[in-house]
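Q: I am new to this structure and would be grateful for a close look at one part of it, set within the whole.

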Amino acid sequence: MQNWIDAYSWINIRFLLQGLWITILISVISVILSFIIGSILGIIRYDKVPYLSKIVGFIIDVIRNLPLLLIIFFVYFGLPAFGFKPDTIPAAILAMTVFESMMIAEIIRSGILAVDPGQMEASRAMGMKMSQAMWHIVLPQAYKKMIPAMVSQFISLIKDTSLATIIVVPELMQHGQVVYGQDPNFIIPVFVAMAVMYFIVCYALSLLSKFIDRRMA
């Protein structure tokens, strides 16, 4: 029992919370960037732009079938060979944005395909341009259908930030390793604390998605 009390000292808890803040920061930035990039790529793939859509589709298929850890390694250890050496946090954000954008692109494409094609045809018949019909008519309906899949993907991203500990990003998992490195008896208490923190963040996000889904319904 004493081990648990010592492990949960304010200094250790504060250190874990600092790591949780970095985890949330990386996740939020990666989510925003991947949502923007993924939306663009998904629309390009849906529109079947000559050559471009096939190239984008090939890139998406390749990256989606690579492990995120490999992409993190490539960004942090591979890019310096091309003259670009990012710090650990930017490297983690870049790797996760690249990986997540490909996942979001497929969700976007599937969401657009789920919208009745007649919506686009009717919009074009009313004189709208393709871009106007996509922005004002199709995408609002598609995004409503994509909320559960999007949130599930974003929750996965939050949990995947733990992989960034391999390049010593000071996120929650890495801070946890530092804490239980002080004393092997801290391992279980620290794992429990990290599990609770991950659960709170991910569960709060799932509740938010349900609220948004109800409001949009």
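What share of the contacts in the protein with a separation of 6 or more is accounted for by residues 24 or more positions apart? Please then describe the surroundings of Ser162.

A: The model discussed here is predicted. In the protein, 76% of the contacts with a separation of 6 or more are accounted for by residues 24 or more positions apart. The protein contains 9 helices and 0 strands, and its pattern along the sequence reads α-α-α-α-α-α-α-α-α. Along the principal axes, its C-alpha atoms fill a box of roughly 75 × 45 × 20 Å. The protein has 217 residues, of which 42% count as buried. About 12100 Å² is exposed, and carbon and sulfur atoms supply 70% of that area. As for charge, there are 15 positive and 12 negative side chains, with the centres of the two sets 9 Å apart.

Against this background, Ser162 belongs to the loop that lies between helix H7 (130-160) and helix H8 (172-182). Its relative accessible area is 18%; because buried means under 20%, Ser162 counts as buried. The side chain of Ser162 reaches the backbone oxygen of Lys159 at a distance of 2.8 Å. When residues up to four places away in sequence are not counted, Ser162 touches Glu171, Met173 and Tyr198. Ser162 is thus a buried loop residue whose side chain reaches the backbone of Lys159 and which also touches Glu171, Met173 and Tyr198.

Methods:
Residues numbered from 1 in each chain as written. Predicted model: local features only at pLDDT ≥ 70, side-chain atom pairs only at ≥ 80, totals over all residues. Heavy atoms only, no water. Helix = DSSP H or I, 4+ residues; strand = E, 2+ residues; numbered from the N terminus. Buried < 20%, exposed > 50% of the residue type's maximum accessible area, 1.4 Å probe, protein only. Polar contact = N/O pair within 3.5 Å; in protein donor to acceptor, adjacent residues only side chain to side chain. Contact = heavy atoms within 4.5 Å. Areas by Shrake-Rupley, 256 points an atom, 1.4 Å probe, with all protein chains shown as cover. Lys, Arg positive; Asp, Glu negative; His and termini not counted. Charge placed at Lys NZ, Arg CZ, Asp CG, Glu CD.
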